[in-house]
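I opened this notebook to keep track of what I look up, one topic at a time. I begin with charged pairs and then turn to empty space.

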Amino acid sequence: MTSASPAAPASDLWHHYGRRRAQTDRCVPERLYWTRGQDSGPGAEILGDLTGARVIDLGSGAGRQAAHLAVHHPVDRVDAVEPPPPSTP
């Protein structure tokens, strides 16, 4: 008799995906993308003039978008916040 293990919560899977990607993909992207696939959508121009702005990237994952803004735009400060993975009971 086989027993199926319960599926991991989606947030846990994203946490592990982000950790793996952060280990292998450390470059600062040349363009800011808004989709999960990081391949389409408007660029940072949709944010308007960021000169001297403080930007907060909530749910930042590996921080690629925050890194892009810090390197390629005249922002004053960029904070990237990623919540910890849910604790296992």
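My entries below cover salt bridges, exposure and the largest pocket.

**Entry on the model.** I note before anything else that this is a predicted model, and I read every value that follows with that in mind.

**Entry on salt bridges.** How many salt bridges does a search of the whole structure find? I looked this up and found 3 of them. I keep in mind that side chains of opposite charge can pair when their charged atoms come close.

**Entry on R31 and E45.** I looked at the salt bridge in which the side chains of R31 and E45 meet, with a distance of 3.9 Å from N to O. Both residues sit in the loop between α1 (10-24) and β1 (54-58), yet they are 14 residues apart, and the pair is listed as linking distant parts of the chain. I then checked exposure: R31 has a relative accessibility of 33% and therefore counts as partly exposed, whereas E45, at 58%, counts as exposed because the cut-off for that word is over 50%.

**Entry on D79 and its partners.** I next looked up D79, whose side chain meets that of R54 in a salt bridge at 2.6 Å, N to O. This pair also links distant parts of the chain, since D79 belongs to strand β2 (residues 77-81) and R54 to strand β1, 25 residues apart. D79 forms a salt bridge with R77 as well, and there the closest N and O atoms are 3.1 Å apart. I therefore wrote down R54, R77 and D79 as linked in a network of salt bridges.

Is D79 buried or exposed? D79 is buried, because its relative accessible area of 18% falls under the 20% cut-off. Its partners read otherwise: R54 counts as exposed at 52% relative accessibility, and R77 is partly exposed with a relative accessible area of 43%.

**Entry on the largest pocket.** I then turned to empty space and looked up the largest pocket, which has a volume of about 880 Å³. Which residues of the lining lie nearest the centre of this pocket? The lining holds 32 residues, and G59, S60, G61, A62 and E82 are the ones nearest the centre.

I also asked which elements contribute, and found that α1, β1 and α2 (64-72) each supply at least two residues of the lining. Helix α1 gives the most, with 7 residues. Sorted by class, the lining has 16 nonpolar, 10 polar and 6 charged residues.

Notes
Residues are numbered from 1 along each chain as its sequence is written. This is a predicted model: local features need pLDDT of at least 70, side-chain atom pairs count only at pLDDT 80 or more; totals for chains, interfaces and linings use all residues. Side-chain values use heavy atoms; hydrogens and water are left out. A salt bridge is a side-chain nitrogen of Lys or Arg within 4 Å of a carboxyl oxygen of Asp or Glu. Helices (H or I, at least four residues) and strands (E, at least two) are DSSP runs, numbered from the N terminus. Buried means under 20% relative accessible area, exposed over 50%, partly exposed in between (1.4 Å probe, protein chains only). On a 1 Å grid over the protein atoms alone, a cavity is a set of points where a 1.4 Å probe fits but cannot get out, and a pocket is an open set with protein on both sides within 12 Å along at least five of seven lines; lining residues have an atom within 4 Å of a point. Grid points are joined across faces, edges and corners, and a volume is the space filled by probe spheres set on the points. Ala, Val, Leu, Ile, Met, Phe, Trp, Tyr, Cys and Pro count as nonpolar, Asp, Glu, Lys and Arg as charged, and the others, Gly among them, as polar.
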